[in-house]
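Me: I'm new to this structure and would like to understand the words used for it. Could you walk me through them?

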Amino acid sequence: MLAIATVVLGLWSLSPVVLRKVITDANGNQVPPGPNLRYMFLQKYPERALRSWAAKYGHLFSIWMGTQLFVVISDPRVARDLLVTNGAVFSSRKRYFMKNQTILTGRAITASEYGEMWRHHRKLAMQLLTPKAIEGYAQSLNYEAHILIRTLIDDGRSGTIPVNPHHYAGRYALNNMLLISFGIRTDNIEDPLIARALHLAMEFMDLTGKQLCWLYSFLPPSDPDSHGCAKLTRCTGPWSNPIDFFEPLQWIPSNMCTRGRKLHQDLIEVYGAMILRVKAKLDAGEFMPDCLVKTLIQDQEKENLDWEDLCMLSAVFTLGGVHSTSGIIQWFLALIPSHTEIAHRAQEELDRVVGHDRLPTAEDEPNLPYVRAIIKEVQRVHAPFWMATPHCTSEDFTYEGQFIPKGTVVVLNCYTLHHNSDRYENPWKFNPDRYLGDELSCVESAKLPDVMERDHWAFGAGRRTSLNHGDS
Ligand code: HEM
């Protein structure tokens, strides 16, 4: 009897750690339904888990990750009602221990909580991405695109030998972002500062997006690049780090905490050095093209920016644009060879509109509806972030009888949204035709009154949508 009582007591005392907690608002409305167990992290393909939970629990379900409540949105109308219509409540960010507190120290737009600092920094960054500002970069952006195509053709001997596109797409994306952020480009990724900046980007992904990384962080590194992380781990974004969901883990000294703090220092050092290069040019009266860092330096006092703001803003701005755009290009290159009919139709359009004497430029885009449709379709079938970047609620909210408390992490389930057969006929098929006749940019599409007509959700939704959204 005593043994049974002990087991029951033991199980009961463990229940707050392993079982979901029932929370209600003053009217008894409960949080959206979801799995009964709490999770430490999600498995290798979290987007698949979210899809099967959405099928089981509905368009708005909840899941406990350790002590943190998550709510997952899998329906266009719910996404609009919560993230757009009620953006004042659904636009903050959780203070993720590793990414937002330790590495980015609550700055750099993406990590900032919803409020004055975020508004202010986002406004500053957006100045660099107005249609007029983009026009100013057009020549350089076209140049980078031409280099990308030329080197792929040359190094692949006109398609006769295989090339790994990773390096080419990475250089293209990096140069575009270096141009917008620092007014520079590089042909040489061995440049010590650039090489370090790229290394820091990998470290950032490793620390903030890899499943099991925290567990492995107690092991000695098996080789200098692995940092003790399992080679087979996979980027699972906001679901990866138990350290983010169990506060006591944050108090235990670990290799991961040390690496997070070091990465913060390294970002300040490397991006700080790149900012000082721009400053030296400005001080010497040399020509400096318009770029983020020039604006930040010139307006530093007026805008009340400290050194850490400058470093973090330029770092995240640069890094945010590299993995996302190079990922899209690589998926395009992976898809096109196995869809020859689509490739031929695109080629026919390019031959007809652009001809054989020059390469296409951004100005040709409105006359290339099939090429535009391909781009949107790649963004739909291979959005770089299947869970966007999670938002967080800044107040209690009750939606259609379901309670969403303040501090809940809110995830846009893009994988499920992008494979919704009510919206996309035959959603698993790569079929650019579905976008023929859609002449809207992603920004315009996001404003359509009928949300079921929206092109896709790859750039997020509501007030925190991606900064390059306007250029898409
Ligand atoms: C294919 C390319 C890109 C994709 C798919 C993409 C996707 C996203 C997504 C899903 C978010 C989160 C939105 C949300 O919270 O609802 C985001 C945020 C952000 N993106 Fe992008 N992005 C891309 C390119 C870029 C580029 C080129 C830049 C820089 C010029 C950039 C800068 C940012 C920044 C700073 C944020 C944080 C915004 C905030 O919290 O207010 N992104 N992006």
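Reply: Gladly! A residue is buried if 20 or more other C-beta atoms lie within 10 Å of its own, exposed if 12 or fewer, and partly exposed in between, with C-beta atoms placed from the backbone. This is a predicted model, where local features need pLDDT of at least 70, side-chain atom pairs count only at pLDDT 80 or more, and totals for chains, interfaces and linings use all residues. Numbering starts from 1 along each chain as its sequence is written.

Me: Why is asparagine 426 called exposed or buried?

Reply: Asparagine 426 has 9 other C-beta atoms within 10 Å, so it is exposed. Its phi is positive, about 50 degrees, although asparagine 426 is not a glycine.

Me: And why is alanine 388 called buried or exposed?

Reply: Alanine 388 counts as buried because it has 28 C-beta neighbours inside 10 Å. Alanine 388 also has a positive phi, near 45 degrees, in a residue other than glycine.

Me: What makes phenylalanine 403 buried or exposed?

Reply: There are 21 C-beta neighbours inside 10 Å, so phenylalanine 403 counts as buried. Phenylalanine 403 and alanine 26 are 377 residues apart in sequence, yet 9.7 Å apart in space, C-alpha to C-alpha.

Me: How are the residues of the shell around the ligand divided?

Reply: Eleven are nonpolar, twelve polar and two charged. Here Ala, Val, Leu, Ile, Met, Phe, Trp, Tyr, Cys and Pro count as nonpolar, Asp, Glu, Lys and Arg as charged, and the others, Gly among them, as polar.
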